[in-house]
Amino acid sequence: MGIRNLVVMGAFALASVSAFAVSAKAEDVTISVWSLDRDIQPAPNLVADFNKQNTGIKVEYRQIQFDDVVSEAMRAYSTGQAPDIIAIDNPEHALFSSRGAFLDLTDMIAKSTVIKTANYFPGPLASTVWDGKNYGVPKATNTIALYYNKDMFKAKGLDPNKPPQTWAELVEDARKLTDPAANVYGLAFSAKASEEGTFQFLPWVQMAGGGYENINSEGAVKALDVWKTIMDEKLASPDTLTRGQWDSTGTFNSGNAAMAISGPWELDRMLTEAKFDWGVALLPVPEAGAERSSAMGDFNWAIFANTQHPAEAFKVLEYFTSQDNRMFSDFGQLPARSDIAIPATGKPLKDEALKVFIEQLKFAKPRGPHPEWPKISKAIQDAIQAALTGQMSSKEALDQAAEKIKAVLG
Amino acid sequence: MKRLLSSITDGKGFDIALVAFPLGYLFLMSGLPLLYNVVMSFQEVDMFSLGSFWRPFVGLKNYRDLFAQPETLPILYNTGIFVAASIAGQFLLGFGLALFFWTNFPGASWLRGLFLVSWVMPGLVVGAIWNWILSGDFGVLNFLLRETGIIDGNIFWRSDPNFSLWAVIIANIWLGMAFNMILLSVGLSAIPKDLYEAAELDGANAFQRFWTITLPMMRSTIGAIISLGLIFTLQQFDLFAAITSGGPNNSSNVTQYWAWDLSFRQYDFAKGATISVIMIVFVMFASVVYVRSTRHEVRG
């Protein structure tokens, strides 16, 4: 045992003593938590429940707006006023962890009896990891799959229990379902010039064996060509280029699109608005038997590196994690955990759909993780739009994106 | 001492105090952020150096990088078109309306007031409304154009690169028209009536009266309104966020939206600042025109 180990052990002993001393003076430890959750969403409720337990840790909650999360967190961190815990959108996690702004939780998680990495879906978990270390815990998760209108399938002579499995089938079905006279498009999705566009497109690239690091691979070009076919043949509304997923799926609900690619956040609205029989299928793959993939959304918990109370902050995270089984029943969000079964809601359409989404989640991949993800994403968005508007071929557009991404990756 | 005091209450000192107060305010609230922005455009900025002022100096690197990007020139070009078309549309329609209401038919002042509704509405609300109006499949505008036989198929205002910028321009013209109208109405009512009476007696027709009396008398108002229009147009951000998000493929992107996108979407604060500096130059130009055209009013 070298001197260094002794020093480390000594420091650890000291730290645990001081941690003990602090927890003895119960009311002194205050942990601040920032997240975008409103009063009907998990964070503020979990905080309130935690405070009721009187553990000697008092949690203060602050709600921040979605658009402000990162800029607010950066400002707070760079001026030394960061909260102890923050909920961060998963593609932005690496921005903080790569620069040491988030606390490395690897050892704490290894010792924890509550937080076990094995319990998580691989996609959400991967988004919290940087350089092989755990810098956070997934808070909730979501993904995208294919919604389809079974009534329209029947009306057009398609089998409502056989949604398209491959890209070719998807395009073929979309052709059959598109009916300009009735104002029906075959498919609704989003190719917007925002993170939503990347969120929708990247799974296609990944299914074809590509990724953001090789965005101009053969498979990626093929994926963009399929999108281009869909747009050129007007199988989807040209407004797909400027419409987000929520608005696009709105056209599905109103019967103006026969299929839609979107996530579980649509379910409740669809149940009330869609006056037809619908189902959800896994995202079609390039060809039968090909690798599956999907997008991965939602937020992660992380502890800021400059927290005064890492142990207490981690305890709070452990409490949040211990309540993951309430995530769906109480707040309607999907826990990022593969070990928690989603309870039946009593609504058959929704329960069927959730089964598919949970299956799809197994293949969900994070965007990145990379500290400069927004720039990578912007390059991808520009490429999608340049190709879909016919200003460049898919290959040219993706080559340009690859060049921009290469500059970012260095 | 006494002289100093008396100069403050009545004399040069008083004048200086009067000037110093607004100048100090302007320097604090506008000057410093502006300078900070300029400094930032010469620095390497990332999220972790956001809080400090002493960041690595990189000279003109941000400017060089910016102009090396393929989208920069098209976006500057878009900004030029957006500004010119918006101002032209707002001004011509606003002037037309102002002249129309100037004829003072019954209820004219009421109606004129109602027109201001568009100016009172927040940009995001206006954007959301125009988003629906301009929607390709179900938009009202397409419906009207189709029913009147002007177009056969739907125009995808927001998503067709040939139209997307014009979609925002149309919304912006609607938004700013009423403001132009009100200011121009004020200018019109300030023209003495006897000028027109005299001209009429001398046999000048309506066009001659407009050309030789109305326009010259309105010169300072028009100058002011156009430079204000330039400033408001360069500020216009909400409509882009609500209607096109600068897409498709930057075909409707303009500098003000891009600066925001770079700073707060891609966290490239230095480049965002660099674009802002380029915009400041334009706004400075507008301010000079504004000050010069209103100088007349202040003295008169």
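Let me begin with helix α15 of chain A, residues 348-361, which lies across strands β7 and β10 of chain A and runs at about 10° to β10(A). Before I go further, please keep in mind that what we are looking at is a predicted model.

The strands under that helix belong to an open sheet of four strands in chain A, with the order β8-β9-β7-β10 and mixed pairing. At the edges of this sheet stand β8, residues 185-188, and β10, residues 278-281, and because each of them has a single partner strand, one side of each is left without a neighbour in the sheet. From one strand to the next, the twist averages 20°. Inside the sheet, β7 (residues 145-149) and β9 (residues 257-262) of chain A pair in the antiparallel sense over four bridges, and if you want a place to look, A:Tyr147 stands opposite A:Ala260 in β9(A). Another helix, α8 of chain A, residues 167-177, lies across β8 and β9 of chain A, and this helix runs at about 130° to β8(A).

Now to another sheet in chain A, where five strands form an open sheet in the order β2-β1-β3-β11-β6, again with mixed pairing. Its edge strands are β2, residues 57-63, and β6, residues 137-138, each of which pairs on one side only. Helix α13 of chain A, residues 310-322, packs on this sheet and touches β1, β2, β3, β6 and β11 of chain A, while its direction makes about 155° with that of β11(A). Strand β1, residues 29-35, pairs with β2(A) in the parallel sense over seven bridges, and there A:Val29 stands opposite A:Ile57 in β2(A).

I would like to stay a little longer with β11(A). Is this strand enclosed by the rest of the structure or left open? Five of the five residues of β11(A) are buried, so the strand is largely enclosed by the rest of the structure. Both of its faces are covered, with A:Phe299, A:Trp301 and A:Ile303 buried on one side and A:Asn300 and A:Ala302 buried on the other. As for its partners, β3(A) runs antiparallel to β11(A) and is joined to it by five bridges, with A:Ile85 standing opposite A:Ile303. β6(A) also pairs with β11(A) in the antiparallel sense, over two bridges, and here A:Pro138 stands opposite A:Asn300.

For a contrast with those buried residues, consider A:Thr272, whose place is in helix α12 of chain A, residues 267-273. A:Thr272 has 8 other C-beta atoms within 10 Å, and therefore counts as exposed, since 12 or fewer is the cut-off for that class.

Let me turn to chain B, which has 15 helices and zero strands. Its C-alpha atoms fill a box of roughly 80 × 70 × 30 Å, taken along the principal axes, and buried residues make up 33% of its 300 residues.

Finally, how many residues does each chain bring to the contact between them? Chain A gives 25 residues and chain B gives 23 residues. On the side of chain A that touches chain B, the elements giving two or more residues are α3 (69-78) and α16 (373-388) of chain A, and α16(A) gives the most, with six residues. The residues on that side of chain A divide into seven nonpolar, 11 polar and seven charged.

Methods:
Residues numbered from 1 in each chain as written. Chains lettered and ligands numbered in written order. Predicted model: local features only at pLDDT ≥ 70, side-chain atom pairs only at ≥ 80, totals over all residues. Pairing = 2+ DSSP bridges. Contact = placed C-beta atoms within 7 Å. Axes fitted to C-alpha atoms, helices over the stretch in contact; angles between N-to-C directions. Buried ≥ 20, exposed ≤ 12 C-beta atoms within 10 Å, placed from the backbone. Nonpolar A, V, L, I, M, F, W, Y, C, P; charged D, E, K, R; others polar.
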